[in-house]
Amino acid sequence: MKAIVEQFIASFRAMPTSKKISMAAVLALVITALAIMFLWANQVDYQLLYSNLSAKDAANIVAKLKEQRVPYRVVDDGSTILVAGEKVHELRLALASDGLPTGGHVGFEIFDKTDFSTSEYVQKLNYQRALQGELARTISEFQEVEDARVHVVMPKDSLFVEDSRPPSASVLLKLRGSLSQNKVAGIVHLVASAVEGLEPERVTVVDTSGKVLFKGPDQEDQAALLSSNKLDYQRQVEAKIAGRIQTMLEGIVGEGKAIVRVSADIDFDQVDFSEEKYDPDSSVIRSRQHRSELSEKGGGGASAATAVNRSGGAVPSGEAKAKFKSLKEDEVLNYEINRIMRHVVKPWGTVKCLSVATVVDGTYETVKAPDGTKTRKYIPRSEEELRKFENIVKRAMGFDADRGDQVYVSSFPFSASPVTELTGKSIGTDWLAFARQHVRTAVNIVLIMLVFFFVVRPLIKSLKEVRPSVENAKDLLVSENRSESAALPGSEMSIREKAVILAKNNTERTEQVLRGWLTEGE
């Protein structure tokens, strides 16, 4: 290794000054460019750790990062913290174990440190603060919600029922985007379920722009919310039936060659009725009562009564002179009529009618024209095939003729562009993500190749070229010295005198000789 270094130094010194300067300049530019590229390729890729942090959360997170000696950056006036991309998920898990970030709200961790000197009033106040903070944290987990604040009003308990008041709550939302009515209803019910005795009607939701998203006493909000729920339910029913039919048809005709649309008429009325029916034809005897009475009157005004039973035969009560007899009978029949009582509650959301429209693509065959060009010819589906498709659709949708369901199946040529786009999406590769993942490795490999081709290889080549030239120069000087010394007058001259004469006669050769001597001396 030392010999190679000495050889390189000797070769470099033997070069002309202009070549030395140009070589040094090129080498400096190459090294500078490679150093810049290396630093750029290996710089830390800072990615988002947390954003929209409160000042307290940001200070706690920065303190934890300093303890772990993790490089970080703070931007956006201290509300956003960036760390190295490969440590983002690891740091989030580590900070979550420490309860960070808290979202700027006080939660139930306020009770981690108990103080027995705390009064009951302060305990209740801390519980209310903790409940509000936990609700705000939970609501902030919604993707559309950037920040949330919850205020709960807990009235004092009263001994008198008429003086008691129910609790109420208000929610302030800072939104990133629009919030659907379903999610607003979810926030309302979330708050109402977390507070004892709180009804959803007593919850108010407002955003930071002052728009009222929900207020309980207004019936219009309830109607709008119910209407939105009904529309979403109808879309779900239609999408489910359409997906069931389309997957079946695409398995037969091919992917992307069937289009299904479903229109559902849904009954959202909730019926609650009681029914009581009587059937006179199925009457039965419930009870029967029969009574008979026989009486006699005598001629002298005296009368004698004889009790008569159903088996006949009178039992005289004495020797009465009966002149007149009377018989009285009564019969009472009680009938029970068959009665049916029903209490029926019909759920809302039942399907009243379905309408399904289906379009399937036909078949194609390649036709060769007389000039040699090939074209695709569309062949529509036959009537028999369409009837089979219609039967398949009816079975898949649960066709019911009594409720008036309708099915229509037709065949049309499909455009090729949607199929091409669909195929490209299904089998395509995310080259952009692949490039982002391996860009650093590729840049480092390119840097190594550039160093080899523009630094190492030229130096080796220069060494190979300079060394033979130096050897040739030495041989030339020796031969010239011998010839010139022989041609000089007065062979009795000393070596010094001969050298002076040679230097005066040929300065260029003298310079080459001196360079050769210096090279040999080193």
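## Charges over rings

Lysine 394 lies over the face of phenylalanine 399, and the distance to the ring centre is 4.8 Å. This is a predicted model. Arginine 376 does something comparable: its charged end sits over the ring of tyrosine 364, 4.3 Å from the centre. As for ring-to-ring contacts, the count comes to 1 aromatic pair.

## The three-stranded sheet

Strands 1, 2 and 3 build an open sheet. Their order is 1-3-2, and the pairing is antiparallel. Strand 1 (46–50) and strand 2 (72–75) are the edge strands, each pairing on one side only. From one strand to the next, the twist averages 35°.

Strand 1 and strand 3 (residues 80–84) are joined by 4 bridges. Across this antiparallel pair, leucine 48 stands opposite leucine 82. Strands of a sheet pair through backbone hydrogen bonds.

## Helices on the sheet

Helix 3 (residues 55–67) packs on the sheet and touches strand 1, strand 2 and strand 3. The direction of helix 3 makes about 20° with that of strand 3.

Helix 4 (residues 88–97) also packs on the sheet. Its contacts are with strand 1 and strand 3. The direction of helix 4 makes about 20° with that of strand 1.

## Nonpolar cores

The largest nonpolar core holds 23 residues. Of these, Ile139, Val171, Leu173 and Val205 touch the most other members. Two or more residues each come from helix 5 (120–140), strand 4 (145–153), strand 5 (168–175), helix 6 (181–194), strand 6 (203–207) and strand 7 (212–215). Helix 6 gives the most, with 5 residues.

Valine 171 shows how these contacts are spread. Leaving aside residues up to four places away in sequence, valine 171 touches Ile139, Arg149, Val150, Ile187, Val191, Val203, Thr204, Val205 and Val206. A second core is separate and has 22 residues, among them Ala258, Phe389, Ala396 and Met397.

## The strand 6–strand 7 hairpin

Strand 6 and strand 7 both give residues to the largest core. They also form a hairpin, with 4 residues between them. In the turn, glycine 210 has a positive phi of about 90°.

The two strands run antiparallel and are joined by 3 bridges. Threonine 204 stands opposite lysine 215 in strand 7. Threonine 204 is also one of the residues that valine 171 touches.

Key. Residues are numbered from 1 along each chain as its sequence is written. This is a predicted model: local features need pLDDT of at least 70, side-chain atom pairs count only at pLDDT 80 or more; totals for chains, interfaces and linings use all residues. Side-chain values use heavy atoms; hydrogens and water are left out. Two strands pair if DSSP finds at least two bridges between them. Axes are lines fitted to C-alpha atoms, for helices over the stretch in contact, and angles run from 0 to 180 degrees between N-to-C directions. Contact means heavy atoms within 4.5 Å. A nonpolar core is a set of buried Ala, Val, Leu, Ile, Met, Phe, Trp, Tyr and Cys residues joined through side-chain atoms within 4.5 Å. Buried means under 20% relative accessible area, exposed over 50%, partly exposed in between (1.4 Å probe, protein chains only). Rings of Phe, Tyr and Trp (its six-membered ring) pair if their centres lie within 6.5 Å; planes under 30 degrees apart count as stacked, over 60 as edge-to-face and the rest as tilted. A charge sits over a ring if NZ of Lys or CZ of Arg is within 6 Å of the ring centre and within 35 degrees of the ring normal.
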